[in-house]
Each structure stands twice: as C-alpha cells, then as structure tokens.
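Student: I'd like to go through the labels on this one and see what each rests on. Can we start once it's on screen?

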Amino acid sequence: MARISGRSLLSDRGFLRELMVRMMTVNQFEEKVLELFGEGRIHGTMHLCIGEEATGVGTGAALKKDDYMLATHRGHGHALGKGADVRAMMAEMLGRMEGSSHGKGGSMHICDFDKGLLGANGIVGANGPIACGAALTIKMKKIPDRVCAAYLGDGASNEGAVLESMNLAAAWDLPVLFILTNNTYGLSTPLERAVRNTDLTQRAAAFGFPAWECDGNDVLAVYETVKKARDYVIREKGPVLVVEHTYRTSGHSKSDKNLYRSKEEIQYWQERNPIARFRCFLTENHIFSEEEIDKMHEEAVQAVADAVDYASACPEPSADSLEKDVYAGEYAGVYGDGFAAGAKGGQA
Amino acid sequence: MREITYREAVREAMCEEMRRDENVFLMGEDVGVYGGGFGVSAGMLEEFGPERVRETPISEAAFVGAGVGAAITGMRPIIDLMFSDFMAVCYDQIINQAAKMHFMFAGKVSVPLVIRGAAGGGTGAAAQHSQSLEQMYCHVPGLKVVVPSTPYDAKGLLKTAIRDDNPVIFLEQKKLYNQKGPVPEEEYLLPLGKADKKREGRDVTLITYGRMVPACLAAADKLAGEGIEAEVLDLRSLSPLDRPAIMASVQKTHRAVVVHEAVEFAGFGGEIVSVIMDSEAFYQLKAPVKRVGGLYCPVPFNANLERETFPTPERIEAAVREIL
C-alpha cells in the first residue's frame with residue numbers, strides 16, 4: 001500500500017479526525033443516493049465520486065470558508081468538502097423544497113452560497129471562465145485573502161473554455177486555483193487516448209504559471225499540495241494549477257456498464273481507495289485505534305441517515321411559482337400581463 | 001432638444017451608469033484605446049481607466065463566462081461582444097450558465113449582466129457578421145432581449161438593462177449607429193417590456209423593432225399618400241414582450257403586418273402572430289396577419305444581393321396592400 005505524506009500534521013488529531021469523517025460522509029452519501037436511486041426514490045441521473053473522496057475533502061480542507069469554489073457535475077464530494085450542508089444536499093437529491101436549489105437543480109446543480117460554493121456545473125469545462133469572473137471580483141474589490149477554486153477533470157482539460165480561462169487568469173493575474181482531478185477516464189475514454197502529452201501539469205507552463213501534482217488518493221497529500229498552491233495564489237497574485245491523480249471506482253453515471261475497463265482494474269483501485277489508505281495510516285501511526293475509526297464510520301452513517309430522514313419529511317416544491325422564479329426582481333411575466341399559462345387569451 | 005447619434009447614446013448610458021455605480025464596468029475586445037469595434041466606447045478609457053474599461057484577449061467564452069462569474073459575486077459587468085454573431089462562440093456561457101443560474105439555484109443568486117452586440121446587416125460584412133439572431137435568445141427562459149431603434153430608446157433602455165438584476169442581451173443595430181435623434185440632457189430610464197408607438201394609424205398595424213422601424217416608418221409615409229394610415233408599433237424589448245400593446249393596436253386597426261430583418265422562417269414574427277391568433281384579437285381581424293422577414297439564406301456579400309435579402313419599404317407596402 002502506498003505511503004501517506006503529512007508527517008507534520010500528525011499531532012493535530014482533531015483535524016485528522018475531521019478529514020476522515022468527511023471522506024466517510026462523502027462515501028456514505030454516494031452509497032446512499034445509489035441505493036435510493038435503486039429503490040426509485042431518486043430520479044434523473046447522478047455522477048458519483050466513489051474512490052475520489054480525498055480530492056474534494058483534502059482540497060476543501062485547504063480552502064478558507066470565504067473562498068469561492070465551483071464544483072463539477074461529479075460534485076457531491078466537492079460540495080461536502082467545502083462544508084455544504086448534507087441535509088440540504090440530500091433534500092436536493094430527493095427534489096424537495098428544502099433542497100439547496102428547492103428541488104429545481106438536482107445532483108448537478110448543488111449550491112451553497114453561504115459556504116462559497118457558487119454552484120456545481122453540468123457543463124464540462126464551464127467552471128473555468130466563471131472562476132475567472134469570481135476572481136476578477138476579488139481583484140477589483142480588493143478582497144484580501146480570498147481565492148476562487150475551480151474544479152475540472154481530465155476530460156475538461158481539453159475544453160476550449162478551460163484553456164481560454166487559464167490564459168485569461170494568467171494574463172490578468174487572477175487568484176484562480178484550477179483543481180484538476182485526473183480520475184483516469186473522461187467518461188469512458190482514457191487520458192492517453194484523449195491527449196498525446198499526458199502530463200497535464202504542463203498545461204500551466206504553457207500559460208506561464210506554476211502547477212503542482214499529488215497523489216489524489218492520499219488526503220493529506222491533497223491537503224498539503226492545495227494549501228501550498230493557495231498560499232502561492234495569495235502571495236504571487238496569480239493562478240495555479242493543481243493536478244490530483246485519482247480513480248473513479250463507481251461508474252460514470254447511472255448508465256455505465258463498465259465496458260471500457262476490467263473488473264481487476266476496478267478492484268485494484270478499490271483496494272487503494274483513499275478511506276482505506278487513511279485508515280491504515282492512522283492506525284499504523286497509532287493516532288487512532290480501529291475502534292475509534294469505526295466510530296467515525298458510524299458518525300458518517302448516522303449523518304447521512306439523518307439527512308435522508310430529514311429530506312424524506314420535506315415537502316415537494318409547488319409548481320405554482322415555476323414561471324415566476326425565472327427572473328430576479330419585479331417581473332410581470334414574459335408577455336407583460338401576468339404569467340403565460342394563466343393569462344393567455346385575455347383581453348388587452 | 002439636442003440631437004446625438006445612436007452610438008453616442010449607448011456610450012452616454014454606459015458612462016452615466018459607471019459614474020453612478022462603481023460595480024459597473026465594461027469589458028470586451030478592443031474596448032479601450034481603440035474605442036470598441038464600432039467606436040462606441042471611444043474616450044471611456046480616459047475617464048474610467050483600464051480596470052473598468054477592460055480590454056480582453058480574443059476569448060469570448062472566457063470573458064463572457066468571467067462576466068457571469070463577476071455578476072454572481074457582486075459586480076455588474078457590461079460585455080461588449082463586438083459583432084453579436086460572436087455569441088455563437090460562447091453560447092454555453094449565455095444559454096447554459098447566465099440564463100439559468102437564478103432559477104437553477106432557487107433565487108439564491110442573480111446575474112446582473114448586460115451583453116451588448118452589434119446586430120443586423122446592410123454593411124457588406126457578409127454571412128458571419130450580419131445576422132439578427134434575437135429569436136434564439138428569446139427562446140431561452142432567463143434572458144431578456146432588447147433591440148432599440150432610436151438614440152432615445154437606446155440610452156434609456158441600456159441604463160435600465162444595466163440596473164436590471166438579470167442577464168440582458170442588448171442588440172445594437174450597426175446600421176443605426178450614425179443615426180441622430182433627440183435625447184434629453186437630463187437623466188431618464190425606459191422600462192424593459194414596453195412597446196412604443198412610433199406612428200399612429202387606424203388601418204393596419206406594422207409590428208416591428210430595430211432597424212426595421214425606420215423602414216416601416218418610410219413605408220407608412222408612402223402608404224399615407226394613398227390614404228392608408230399605418231400604425232407603427234416598435235416592440236423595443238422582445239423578452240419580456242408587450243402583449244397588451246400588440247393586442248390594443250390590432251384590436252383598433254384589425255389588420256397586422258409583422259416585420260423583422262431576421263430570417264422570416266421560425267423567426268420572432270411567428271411568436272407575434274401567435275400572440276394575436278391565440279387571443280380575443282383574432283375575432284377582430286379583417287384579414288390574415290402577414291409576415292415580412294429576411295429571406296431564408298445566409299446574408300450574402302454582394303450589395304444588390306444583400307439588399308434583396310432584407311425587407312424593404314416596398315415589400316412592406318406590398319404586404320399591407322395585400323390585406324387591405
């Protein structure tokens with residue numbers, strides 16, 4: 001089993017415990033929504049991050065509460081890592097009024113503006129430009145000690161919008177932290193078939209800013225790398241790229257039959273999943289006992305179960321306000337005389 | 001009243017709003033020392049500096065998306081897209097991001113963003129620099145779409161658009177930039193979603209917007225010589241649409257011709273006709289509602305061909321005569 005870094009953090013038991021509980025919560029959240037989907041209690045689709053728990057949690061732990069962050073379509077771990085409310089997230093998964101988007105967004109559009117989460121995004125690569133804008137606000141308003149982190153995957157690294165935004169962030173010295181989680185496949189296409197140069201850190205060099213990479217299944221390595229990168233962004237007033245190498249052991253989405261990879265490959269990575277590795281690290285170094293870690297697991301199971309109970313009791317949103325919720329502020333409907341469905345056929 | 005050009009009116013609106021609110025800023029290709037692709041922002045760099053008159057790389061997806069990101073975090077960006085045809089290069093940020101965030105995130109955020117683009121033909125700029133694609137934006141809930149036809153309207157509507165908390169697509173008519181018109185010195189705002197009667201008439205309503213407003217007024221003058229009094233209703237804003245104004249005018253004149261420069265097939269005219277047919281006004285019609293729009297072809301380069309592509313006063317007059 002691969003070694004874990006982070007020797008300097010060994011004494012901070014509370015922090016290490018928090019990392020573990022959060023990773024376990026992300027994992028439990030994903031397992032639970034999969035189960036609910038199977039029972040027909042969640043509809044639509046979802047993109048799970050099982051196997052990638054260390055990226056969202058390690059990255060989120062290195063960001064500050066007021067930092068802006070933009071999550072991807074595979075964003076449950078990103079959101080929980082930034083401190084988003086698990087109950088509001090579960091309610092959103094169930095399409096309920098108390099969901100973070102009042103049931104109008106769903107899995108791909110989780111948000112928590114109080115925690116700096118400016119929304120998850122269903123469009124691959126779209127976060128890059130939006131992150132530049134949030135970073136531009138930080139710069140123009142001279143907000144101290146704040147960055148905007150934009151998650152993207154190896155798949156998104158070939159989107160024009162991402163490359164354009166890397167250039168813009170560099171040209172304008174914007175405090176953007178590009179977090180590239182390389183989970184090995186863009187849906188079913190492996191990185192080496194999508195690009196000639198698989199060293200994605202070199203993308204940053206092309207635009208004139210630094211990049212660091214880390215073992216994305218080692219939560220402490222992720223934390224320390226992102227922390228270093230964030231410090232650089234604040235100090236040097238410019239963007240940084242962090243490449244976190246990981247592996248998605250769950251399917252791309254609900255329709256994935258895993259035709260593009262072997263059972264053995266998936267099993268290899270399941271054995272190296274970030275939670276098992278961190279457990280090993282914590283026990284080998286006598287930081288926590290097996291029993292103590294089992295208790296963390298129970299805590300995560302309980303938090304997610306509580307979220308499901310809470311969400312299940314929440315009301316479904318009403319359809320009455322659908323057309324009224326499209327615009328901010330005073331709005332008399334698209335026809336200027338009330339709202340289309342109710343007002344049609346009326347006299348002038 | 002003093003007269004200024006459509007171009008100057010747009011510039012005045014931006015300058016006044018930037019003086020009023022420090023969160024308002026302009027960004028786009030060559031908006032600084034060059035003054036913008038159509039000279040609209042000439043002189044603004046000197047007054048507001050490079051932070052607030054922000055020149056961008058040629059990266060529409062990046063800077064339109066940056067506009068979205070800045071808007072959701074407290075700024076009020078105005079984006080100059082030069083030719084509105086370039087929206088096709090950054091469609092995702094307009095359609096999937098800006099338009100949807102307020103709804104998709106349950107009203108927890110709004111997107112106060114204006115995207116200005118020069119639209120329309122008549123300048124010999126050919127197929128990729130002459131389009132009128134307003135109907136495509138009207139079809140996306142979450143966007144507002146404004147197409148001003150006079151300097152007065154351009155200034156008052158743009159000031160309102162900048163203060164609006166939603167993304168507004170503001171389609172300036174490049175052929176009208178040099179047109180002069182009366183604009184008061186004192187401040188005024190015009191509401192979005194209110195049509196303006198540019199000419200009173202009793203026999204037929206010409207429902208139109210943008211560059212076709214002057215074409216319709218020319219046609220109406222000609223028809224007046226034949227004793228036909230055409231009303232010209234300038235929609236000014238397509239989304240929201242002023243349905244009450246359309247209904248009131250058609251119920252008065254009992255006849256309507258819808259005119260726009262955009263390709264007629266599947267154009268915004270179809271929506272206007274539907275508004276009339278799907279209402280009480282239908283029973284008061286004395287003739288079918290006619291459409292006069294652009295031919296179903298990309299805008300050609302040759303000057304004679306280009307002229308033939310768009311509605312002319314003669315084609316508008318012919319449509320009116322057909323239903324009288």
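Student: What makes A:Glu53, A:Ala54, A:Thr55, A:Gly56, A:Val57, A:Gly58, A:Thr59, A:Gly60, A:Ala61 and A:Ala62 the buried residues of H2(A)?

Tutor: A residue is buried if 20 or more other C-beta atoms, placed from the backbone, lie within 10 Å of its own, exposed if 12 or fewer, and partly exposed in between. In helix H2 (residues 53-62) of chain A, 10 of 10 residues are buried, so the helix is called mostly covered under that cut-off. Keep in mind that this is a predicted model, where local features need pLDDT of at least 70, side-chain atom pairs count only at 80 or more, and totals for chains, interfaces and linings use all residues. Residues are numbered from 1 along each chain as its sequence is written, while chains are lettered from A and ligands numbered from 1 in the order in which they are written.

Student: How do you know whether A:Asp309 is buried or exposed?

Tutor: Count the neighbours: A:Asp309 has 11 other C-beta atoms within 10 Å, so the residue is exposed. A:Asp309 sits in helix H12 (residues 290-313) of chain A. Its C-alpha atom is 9.4 Å from that of A:Met90, 219 residues apart along the chain.

Student: Why are H1(B) and H7(B) called roughly parallel?

Tutor: Helix H1 (residues 6-20) and helix H7 (residues 151-163) of chain B pack at about 25°, with axes 8 Å apart. Angles under 35 degrees count as roughly parallel, over 145 as roughly antiparallel, 65 to 115 as roughly perpendicular and the rest as oblique. The angle falls under the first cut-off, so H1(B) and H7(B) are roughly parallel. Their crossing is right-handed, meaning the near helix is turned clockwise from the far one by less than a right angle. On H1(B), the contact includes B:Tyr6, B:Ala9 and B:Ala13, and on H7(B) it includes B:Ala154, B:Leu158 and B:Ile162.

Student: What classes do the residues in that contact of H1(B) with H7(B) fall into?

Tutor: There are 8 nonpolar, no polar and 5 charged. Ala, Val, Leu, Ile, Met, Phe, Trp, Tyr, Cys and Pro count as nonpolar, Asp, Glu, Lys and Arg as charged, and the others, Gly among them, as polar.

Student: And what makes H8(B) oblique to H12(B)?

Tutor: Helix H8 (residues 212-224) and helix H12 (residues 313-323) of chain B pack at about 55°, again with a value of 8 Å between axes. That angle fits none of the parallel, antiparallel or perpendicular ranges, so H8(B) is oblique to H12(B). This crossing is right-handed. Among the residues making the contact are B:Ala215, B:Ala219 and B:Leu223 of H8(B) and B:Ile316 and B:Val320 of H12(B). By class there are 8 nonpolar, no polar and 2 charged.

Student: How do you know where domain 1 and domain 2 of chain B lie?

Tutor: The bounds, 3-182 for domain 1 and 196-323 for domain 2, come from an automatic or database domain assignment. The centres are 26 Å apart, taken over C-alpha atoms. Contact here asks that the C-beta atoms, placed from the backbone, lie within 7 Å; 24 residues of domain 1 meet 23 of domain 2 that way. On the domain 1 side, helix H6 (134-138), strand E6 (144-146) and H7 each give two or more residues.

Student: How many residues of chain A touch chain B?

Tutor: 44 residues of chain A are in contact with 47 of chain B. H5(A) gives the largest share of the chain A side, 9 residues. That side has 23 nonpolar, 15 polar and 6 charged residues.

Notes:
Two residues are in contact if their C-beta atoms, placed from the backbone, lie within 7 Å. Helices (H or I, at least four residues) and strands (E, at least two) are DSSP runs, numbered from the N terminus. Axes are lines fitted to C-alpha atoms, for helices over the stretch in contact, and angles run from 0 to 180 degrees between N-to-C directions.
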